[in-house]
Amino acid sequence: MAALEDQTPFLFRDSTDKATFDDAVWGRVFNHQRDRSREPLAVCRARTVADVVAAVELGRERNCRVSVRSGGHAWAAWSVRHGAVLVDLANLVDADGSRVSYDEDTQVVSCSPSTTGETLNTFLSAVDGGKGRMFAGGHCPEVGLGGFLLQGGMGWNCKNWGWACESILAVDVVTADARPLRCSTAEHADLFWAARGAGPGFPAIVTRFHLATRPATQLYQSLYMFPIAEFKSALQWVVDLSPTADADTEIVVVTSYLSPSDETPTVLANLTTFKPSLAAAQAALQPIHDSLPSSLSPSATVFCQHTTLAAEYGKQRAANPEGHHYISDNAYVAADGTANIDIAELLAGPFTALPTRKACALWFSMAPTAQRALPDMALSLHSEHYVALYAVWEGGADLAAGSGPSADKDEDGERCAAWVANAMAGIERHSVGSYLGDADFQVRRTRFWSEGAGQRVRAVRRAWDPAGRICGFLDVGDASGVDGLRNEFEWL
Ligand SMILES: Cc1cc2nc3c(=O)[nH]c(=O)nc-3n(C[C@H](O)[C@H](O)[C@H](O)COP(=O)(O)OP(=O)(O)OC[C@H]3O[C@@H](n4cnc5c(N)ncnc54)[C@H](O)[C@@H]3O)c2cc1C
């Protein structure tokens, strides 16, 4: 007789040995900053849409909520919720057994939500008779498309190509009342609207994304490294050139320790251009190179070096090591209505005083995308300056039962939490809001959508999940329920 595990995708907390259940709950969660007081009732390791339907029906039968996991990379482990049925989509495949499929005629790729950006692009690089296509997914290779796309998706060259969710053509879902449906602009349009920016507030479970792809290109990169003392002038140089820079070029400034033995962090300006040839890449990067002010003295410069997506994924993997504790927060910094903000002055404090050797601070150019009107979708807020802080440290105990993230008692953890909190206290009043993807609603309340879109997210949640079956936003005490987030600044 087949083992129970072969017959059912469910593991129940009360009837599964602790190590097995613990691994099913936490084994695929990237962040080791974990609140172990959150104990699901059961884990459904879904392989088919029917398994997802069964998980929602179990939630209804037991009168409990259902949480969802695609890639497990939500910083605050949103998939792990107390008393819920956790639907883990790691092994979900289509009816034909495929995780990813491609239509040569439409150039549309369809994939399971647990597919990672790296897996998708490896697959796409070989399609169209070997010419290759790409999808501008997340920078970190292991981020799942599920969480990434639902919250908007700040993918490759987002500053010019726009948000990754703008490439979603349709989603297949299982609703909160356990019905499989397809949503697009033509079918269940309000749910499709929410699938592009409601993030963890999406009131259904996506089982398949249908995505437009773009032609694969070559990648070339210019890198400029500056001593930390030059942070303000280096950032200002890049801020000024970004809005009019080449339209296939992604622009980022990061401060981080390049080596554990370094006394101070380094400022790195990274310009990655997606072009078919070296000549085209040089034409894009030369004007930027020529605009470097003579007052700046880079400690190292790389001009227009060939790279690959695989190499860039490798760098991201190294910058975000596994098995570590993380706290992240972010803001869309913008002009305050009366005067332009001195962005370099505003960021200098937190960007030059990182709390650990593994932490980093990032400024990501969103101009000119931030100046154009967005399509009608839940994602409705951004600005030309995306600022994110990533506190990273080793070791430390899991969070004490029932406590919030700031309760970790190890010294590095306390220093990291203080760095993020103090920095955001200084930055948030100059922001128009924040991106869901690098946020933790248990720690800081802010805006994530325009006012109208925020209200519509709440209305779509009430319409499609009046019983609050799908967990939604994890705020303080996990209390937001059907209503969702208030979408307002805490300090107003
Ligand atoms: C190392 C690292 C690098 C990152 N880099 C980027 C980046 O370059 N760009 C960017 O935009 N973001 C980035 N992020 C943020 C990341 O996109 C979000 O954390 C995202 O939520 C992760 O998606 P996931 O599926 O892996 O996470 P999960 O933890 O599996 O999912 C997060 C939540 O999203 C919802 N959800 C996920 N899948 C589904 C589904 N199928 N149906 C319904 N709801 C679902 C659920 O509420 C779930 O709990 C990064 C995060 C990390 C840890």
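A polar contact is a pair of N or O atoms within 3.5 Å, and this cut-off is the one needed to read the ligand view in the legends below, which describe a predicted model.

**View 1. The ligand and the backbone atoms that meet it.** An oxygen atom of the ligand is 2.9 Å from a polar backbone atom of Gly144, and an oxygen atom of the ligand is likewise placed 2.9 Å from a polar backbone atom of His73. At Val206, a backbone N or O atom lies 2.9 Å from a nitrogen atom of the ligand. Of the 960 Å² of accessible area that the ligand has on its own, the protein covers 95%.

**View 2. The shell of residues around the ligand.** The ligand is surrounded by 32 residues, of which Ser70, Gly72, Gln151, Met154 and Tyr435 come nearest. Strand β3 (66-69), helix α5 (145-150) and strand β10 each supply at least two residues of this shell, and the largest share, four residues, comes from α5.

**View 3. The domains of the protein.** The domain assignment gives domain 1 as residues 8-88, domain 2 as residues 100-215 and domain 3 as residues 218-438. Taken over C-alpha atoms, the centres of domain 1 and domain 3 are separated by 33 Å.

**View 4. The open sheet of five strands.** The strands follow the order β5-β6-β10-β8-β9, and their pairing is antiparallel. Because β5 (100-103) and β9 (180-183) stand at the edges with a single partner strand each, one side of each is left without a neighbour in the sheet. From one strand to the next, the twist averages 20 degrees. Strand β5 is joined to β6 (residues 108-111) in the antiparallel sense over four bridges, and in this pair Ser101 stands opposite Ser110 of β6. Helix α4 (residues 117-124) lies across β5, β6 and β10 (204-212), where the helix runs at about 40 degrees to β5.

**View 5. The open sheet of eight strands.** Here the order is β15-β12-β14-β13-β17-β18-β16-β19, again with antiparallel pairing. The edges are taken by β15 (300-307) and β19 (431-433), each with a single partner strand, so one side of each is left without a neighbour in the sheet. Neighbouring strands are turned by 25 degrees against each other on average, direction ignored. Within the sheet, β16 (residues 325-333) and β18 (residues 385-393) pair in the antiparallel sense over nine bridges, with His325 standing opposite Trp393 in β18.

**View 6. Two helices packed on the eight-stranded sheet.** Helix α9 (residues 278-290) packs on the sheet and touches β12 (218-227), β13 (249-256), β14 (266-275) and β15, and the direction of this helix makes about 160 degrees with that of β15. Helix α10 (residues 309-319) also packs on the sheet, touching β12 and β15, and the direction of α10 makes about 35 degrees with that of β12.

**View 7. Backbone details in two loops.** Most residues other than glycine have a negative phi, and most peptide bonds are trans. Ala367 and Pro368 are joined by a cis peptide bond, with omega about 10 degrees, and Pro368 lies in the loop between β17 (360-365) and β18. His188, which is found in the loop between β9 and α7 (189-194), has a phi near 50 degrees, a positive value in a residue other than glycine.

Terms used. Residues numbered from 1 in each chain as written. Predicted model: local features only at pLDDT ≥ 70, side-chain atom pairs only at ≥ 80, totals over all residues. Heavy atoms only, no water. Pairing = 2+ DSSP bridges. Axes fitted to C-alpha atoms, helices over the stretch in contact; angles between N-to-C directions. Contact = heavy atoms within 4.5 Å. Domains from an automatic or database assignment. Near = heavy atom within 4 Å. Polar contact = N/O pair within 3.5 Å; in protein donor to acceptor, adjacent residues only side chain to side chain. Areas by Shrake-Rupley, 256 points an atom, 1.4 Å probe, with all protein chains shown as cover.
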